[in-house]
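Student: I should like to work through this model with you, from a single residue outward to the sheets. May we begin?

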Amino acid sequence: MALPKTKSWFSPDEYLAMERKAAAKHEYLDGLIYAMAGASPTHNQICFNLAGELHPQLKGTTCVGYTSDQKIRTDPMDLFSYPDLTIVCGAPQFHDNQKDVILNPTVIIEVLSPKTEEYDRNEKFIRYQNLKSLTDYILISQSRPAVEHFVRQKGKRQWLYTLESDLRTELVIASVGCKLHLADIYDRVVFPPSQPPYAIFEKEPRPAKKRRSK
């Protein structure tokens, strides 16, 4: 996310009026509007892989998937965002008759990046939890094999957390009847070389002691 625009606060209606005319995408959070930065090739590859794996599994069901151009809105109206992938089961509910903002996502998937990871983990997830329709929130790392899955527990504001990091394993999204193999999520993705958890420094040789002259 970039820095917010100069005005201190926008109403949701003001945001939508501007966003519907804008050439680039922006997200709305607590009255501020943020420009969305471009994604990396790795990010886009993962999103492409996810869409390719989910589409055939959702075909013929009551659930439909949307890519990152689809806006969703939380309740209350403190967040308008563009998740990387959204799945809606049943008839989509819309913010207004423009039908470009969805209110009832079932599954939200975000591919993490260094600039947005903290935002996706904290500010977004706090607000996503207010969506009564949301059953699954999935975070996917693009720097290493790591998929985090939050599953809402029935009738509670509690979430079951699992982390998968083995490319041989699969992620089960029971609410939509889908399975994602980690190897397929990360197909053709080249990870950056791993870094040691701490810097290793070689000790400098001690200077030789001077001999006393006789």
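Student: Is Thr169 buried, partly exposed or exposed?

Tutor: This is a predicted model, in which local features need pLDDT of at least 70, side-chain atom pairs count only at pLDDT 80 or more, and totals for chains, interfaces and linings use all residues. Residues are numbered from 1 along each chain as its sequence is written, and side-chain values use heavy atoms, leaving out hydrogens and water. Buried means under 20% relative accessible area, exposed over 50% and partly exposed in between, with a 1.4 Å probe and protein chains only. Because its relative accessibility is 23%, Thr169 is partly exposed.

Student: Which residue provides the backbone oxygen that lies 2.6 Å from a polar atom of the Thr169 side chain?

Tutor: Thr169 sits in the loop between β11 (159-164) and β12 (170-173); strands are DSSP runs (E, at least two residues) and helices likewise (H or I, at least four), numbered from the N terminus. Beyond four places in sequence, Thr169 is in contact (heavy atoms within 4.5 Å) with Glu164, Leu180, His181 and Leu182. The backbone oxygen at 2.6 Å belongs to Asp166.

Student: How far apart are the C-alpha atoms of Thr169 and Leu182?

Tutor: Leu182 is among the residues in contact with Thr169. The two are 13 residues apart along the chain, and their C-alpha atoms are separated by 6.1 Å.

Student: Which side chain forms a polar contact of 2.7 Å with that of Asp136?

Tutor: Asp136 is buried and has no salt bridge (a side-chain nitrogen of Lys or Arg within 4 Å of a carboxyl oxygen of Asp or Glu), the nearest side chain of opposite charge being Arg152 at 8.4 Å. Here Lys and Arg count as positive and Asp and Glu as negative, while His and the chain ends are not counted. A polar contact is a pair of N or O atoms within 3.5 Å; within protein, one must be able to donate a hydrogen and the other to accept it, and residues adjacent in sequence count only if both atoms are side-chain atoms. The partner of Asp136 at 2.7 Å is His149.

Student: What is the bridge partner of Asp136 in β10?

Tutor: Asp136 belongs to β9 (residues 136-140). Five bridges join β9 to the antiparallel β10 (residues 147-152), and two strands pair if DSSP finds at least two bridges between them. In β10, the partner of Asp136 is Val151.

Student: What is the strand order of the open sheet of six strands?

Tutor: Its pairing is mixed. The edges are β3 (63-66) and β11; each has a single partner strand, so one side of each lacks a neighbour in the sheet. The order is β3-β6-β8-β9-β10-β11.
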